[in-house]
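Visitor: Hey, got a minute to walk me through this one? I'd like to poke at the packing.
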Amino acid sequence: MSRVFQTKLKVLQSQFPLRWVLVIPFVLQLSAAVGLTSYVSLQNGQRAVNDLVTQLNQEVSDRVLQHLDTFTLTSRRVAQVSLREIETGRINPSDSRSFLSFFWQQAETYEVGFLLYGDQQGRLLAAGNHFNDGSVSVVELDPQKHQNRHLYVYRADAKGYPKQQGDLIKDYSFQSEDWFAKTLKLGCPNWSSIYNWQATPYPLAVAASVPVLDSSVTVIGSVAAESRLSQLSDFLRQLNFSQSGRVFILERSGKLVANSDSSDPFVVKDNLPARLNGKDSPDALIRASAQYLETEFGQLRSLHSPQQLSFDHAGEKQFLRIVPWRDEWGLDWLVVVVVPESTFMAQIQANTRTTILVCLGALAIATILGIYTSRWIA
């Protein structure tokens, strides 16, 4: 039996040398350890990215919501303060000079695009940035005073009184504009629909309006504080939360309100401005995000709670957060924050590659040492 056993042992030794019997199991164990370490490292990195992006998107959206609260509150308060001055008789539309001076002071003090007063007698008094040069102008349309329906635009002096006529718009009709017509119809504080100016640079605006009532509680006019939505876009561009990320605001209809990229939320064709839907934005990431939201939810009107989502765009995963926002006068918008995965994964992937290279280096060294050790043992 000993001779037979020795014979079989020699056969096995010729098929499986001792050095390989010692080395191969060792190498396999190290390879498994390297693979498992790399896999765990990558998975932990992915989970860390998911948590980090969720926190970042929430922080950015919270900042935007807070700014919207402040931005809209300013317009509402300016409109209400102006109405109170009219109701108490401290300013009177019949005294257009003092009335325009007060409006000029309000427009100088607060970030409003225009402060407007209109009544059913066809009178329009306003103050705001008409010339787009940073100065506040005053505007007057008074059929009884001027015996026409022309809109006179004046540059103001240091106290806000009309000083020098700048522009004249003939036969101007403001009665169909939403800040006036909608307020007379509803008879309560409200926001106008979003609109473009019909003059260059065609700024996008929205107005907070309050009704003016007479002694019999009949609506006789409207006071409105107009906000330019370019101010919102400027704020979004200053967030700097990600070089490749985007944040934008949508109406429930899907139309853009403001966006953090360099483009405008509207286009101008044949000297006529037209608002853009999010899915028609010139920015590829905003366009893809809006298309994904339309596919995911169909009608955006059905979205009533914050959602953290992800989708693929240009072969890369995108993390998206959408949050509804409303104010007490009826604005109903959606804040969207979208960040590409590569914003955070680049460093994690680099660390993972470093870990894998270190493990492979250790595996190579251990294999070489194992071969020499097995030879010495054999």
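Visitor: What share of the contacts between residues at least 6 apart in sequence join residues at least 24 apart?
Guide: That comes to 53% in this protein, with contact meaning heavy atoms within 4.5 Å. This is a predicted model, where local features need pLDDT of at least 70 and side-chain atom pairs count only at pLDDT 80 or more, while totals for chains, interfaces and linings use all residues. Residues are numbered from 1 along each chain as its sequence is written, and side-chain values use heavy atoms, with hydrogens and water left out.

Visitor: OK. How many helices and strands are there?
Guide: The protein has 8 helices and 16 strands. Those are DSSP runs numbered from the N terminus: helices are H or I with at least four residues, strands are E with at least two.

Visitor: And what percentage of the residues is buried?
Guide: 44% of the 378 residues. Buried is under 20% relative accessible area, exposed is over 50%, and partly exposed is in between, using a 1.4 Å probe and protein chains only.

Visitor: What about the accessible surface?
Guide: About 20,100 Å², and 53% of that belongs to carbon and sulfur atoms. The areas come from the Shrake-Rupley method with a 1.4 Å probe, and for residues only the protein chains shown count as cover.

Visitor: Let's do strands. Which strand does β14 pair with, and in what sense?
Guide: β14 (residues 307-313) pairs with β15 (residues 316-326) in the antiparallel sense, over 7 bridges. Pairing here requires that DSSP finds at least two bridges between the strands. Leu309 has Leu320 in β15 as its bridge partner. In that hairpin, 2 residues sit between the strands, and Ala314 takes a positive phi near 55°.

Visitor: Where does the pairing go after β15?
Guide: On to β16 (residues 332-340), which runs antiparallel to β15 with 9 bridges joining them. Leu320 turns up again there, standing opposite Val338 in β16. The β15 and β16 hairpin has 5 residues between the strands, with Gly330 at a positive phi near 115°.

Visitor: Which strand shares Val338 as a partner through Arg246?
Guide: Arg246 has Val338 in β16 as its bridge partner, and Arg246 belongs to β10. In total, 6 bridges join β10 to β16, and the two run antiparallel. β10 also pairs with β11 (residues 256-259) in the antiparallel sense, over 3 bridges. Leu250 stands opposite Leu256 in that pairing, and Gly254 in the hairpin takes a positive phi near 100°.

Visitor: Is β10 covered on one face or both?
Guide: Both. In a regular strand the side chains alternate between the two faces of the sheet. Here Arg246, Phe248 and Leu250 are buried on one side, and Val247, Ile249 and Glu251 are buried on the other. That fits the count for β10 (residues 246-251), where 6 of 6 residues are buried.

Visitor: Switching to helices. Which residues of α5 are buried?
Guide: In α5 (residues 178-186), Trp179, Phe180 and Thr183 are buried. They share one side of the helix, because they cover an arc of only 95° around the axis, taken from the directions from the helix axis to the C-beta atoms. The buried residues of α5 pack against β1, β2, β6, β8 and β9.

Visitor: Any aromatic stacking there? How many aromatic pairs are counted?
Guide: The count is 10. Rings of Phe, Tyr and Trp (its six-membered ring) pair if their centres lie within 6.5 Å; planes under 30 degrees apart are stacked, over 60 edge-to-face, and the rest tilted. Phe174 and Trp179 are stacked, so classed because their centres are 6.0 Å apart and their planes at 15°. Trp325 and Trp333 are tilted, at 5.5 Å centre to centre and 40° between the planes. Trp325 is buried at 4% relative accessible area, and Trp333 at 2%.

Visitor: What does Thr72 touch?
Guide: Trp325 again, along with Trp191, Asp327 and Leu331, leaving aside neighbours within four places in sequence. Thr72 sits in α2 (residues 18-87) and is buried, with a relative accessible area of 1%.

Visitor: Last one: which ring does the charged end of Arg97 sit over?
Guide: Tyr161, at 4.1 Å from the ring centre. The rule wants NZ of Lys or CZ of Arg within 6 Å of the ring centre and within 35 degrees of the ring normal. Arg76 likewise lies over the face of Trp329, 5.9 Å from the ring centre.
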